[in-house]
Amino acid sequence: MTRREKIIEVITNLNYTYKNLEYRPIGRANEMCGPSGGWSVELYKNGEYVDIAVGYNYQELIEYIERISDGHI
């Protein structure tokens, strides 16, 4: 199972739908901005926008999605 497939599995198991699941290579950003890139996905529940989840690696993204689901974000 690919990382993308694992992320989609977590999203669907939490009863979310998604748009724009993408990965961009980690790179340099402007001064004081930290690195650029990583995973991002728009989350929807019952057709309504919830949040954009982000993470530098797929595990970080999955943890972010789970925190949104638990109401911690």
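How many salt bridges does a search of the whole structure find? The search finds 1 salt bridge, and the report returns to its two residues below, after a look at the chain as a whole.

## The chain as a whole

The structure discussed here is a predicted model, and the values that follow are computed from it. The secondary structure of the protein chain comes to 2 helices and 3 strands, and when these elements are read from the N terminus on, they run in the order α-β-β-β-α. Along its principal axes, the C-alpha trace of the protein chain spans about 40 × 30 × 20 Å. The protein chain has 73 residues, of which 26% count as buried.

## The nonpolar core

The largest nonpolar core has 14 residues, and those that touch the most other members are Ile7, Ile11, Val41, Leu43, Ala53, Leu61 and Ile65. At least two residues of this core are supplied by each of α1 (3-13), β2 and α2 (58-70), with α2 giving the most, namely 5 residues.

## Two aromatic pairs

A pair of aromatic rings is described by the distance of the centres and the angle of the planes. The structure holds 2 aromatic pairs. In the pair formed by tyrosine 23 and tryptophan 39, the ring centres lie 5.2 Å apart and the planes stand at 55 degrees, so this pair is tilted. The pair links distant parts of the chain, for tyrosine 23 belongs to strand β1 (residues 17-27) and tryptophan 39 to strand β2 (residues 36-45), and the two are 16 residues apart. Tyrosine 23 counts as partly exposed, because its relative accessibility is 42%, whereas tryptophan 39, with a relative accessible area of 10%, is buried.

The rings of tyrosine 44 and tyrosine 49 have their centres 5.7 Å apart, and their planes are at 75 degrees, so the pair is edge-to-face. The cut-off behind this step of reasoning is that planes over 60 degrees apart count as edge-to-face. Here too the partners can be described by their accessibility: tyrosine 44 counts as buried at 14% relative accessibility, while tyrosine 49 is partly exposed, with a relative accessible area of 47%.

## Charges over rings

Tyrosine 44, a member of the edge-to-face pair, also has a lysine beside its ring: lysine 19 lies over the face of tyrosine 44, at 5.0 Å from the ring centre. A further lysine, lysine 45, lies over the face of tyrosine 16, and in that case the distance from the ring centre is 4.5 Å.

## The salt bridge and a surface patch

Which two side chains meet in a salt bridge? They are the side chains of glutamate 22 and arginine 24, with a distance of 3.3 Å from N to O. Glutamate 22 counts as partly exposed, since its relative accessibility is 31%, and arginine 24 is exposed, with a relative accessible area of 52%.

Tyrosine 23, whose place is in strand β1, takes part in a nonpolar patch on the surface, which it forms together with Ile26 and Tyr56. The accessible area of these residues together is about 290 Å². Tyrosine 23 is therefore a residue with two roles in this description, as it belongs to the patch and its ring also pairs with that of tryptophan 39.

## Loop residues

Most residues other than glycine have a negative phi, and most peptide bonds are trans. Methionine 32, found in the loop between β1 and β2, has a positive phi of about 70 degrees although it is not a glycine. At 80% relative accessibility, methionine 32 counts as exposed. Asparagine 46 lies in the loop between β2 and β3 (48-55), and its phi is near 55 degrees, which is again a positive value in a residue other than glycine. Asparagine 46 counts as exposed, with a relative accessibility of 76%.

Leucine 14 is found in the loop between α1 and β1, and at 23% relative accessibility it counts as partly exposed. How far apart in sequence and in space are leucine 14 and glutamate 63? In sequence they are separated by 49 residues, and in space, from C-alpha to C-alpha, they are 12 Å apart.

Key. Residues numbered from 1 in each chain as written. Heavy atoms only, no water. Phe/Tyr/Trp six-rings, centres within 6.5 Å; stacked < 30°, edge-to-face > 60°. Helix = DSSP H or I, 4+ residues; strand = E, 2+ residues; numbered from the N terminus. Buried < 20%, exposed > 50% of the residue type's maximum accessible area, 1.4 Å probe, protein only. Lys NZ or Arg CZ within 6 Å of the ring centre and 35° of its normal. Salt bridge = Lys/Arg side-chain N within 4 Å of Asp/Glu carboxyl O. Patch = residues over 30% accessible without salt bridge, like charges linked within 9 Å, V, L, I, M, F, W, Y side chains within 5 Å. Areas by Shrake-Rupley, 256 points an atom, 1.4 Å probe, with all protein chains shown as cover. Core = buried A, V, L, I, M, F, W, Y, C linked by side-chain atoms within 4.5 Å.
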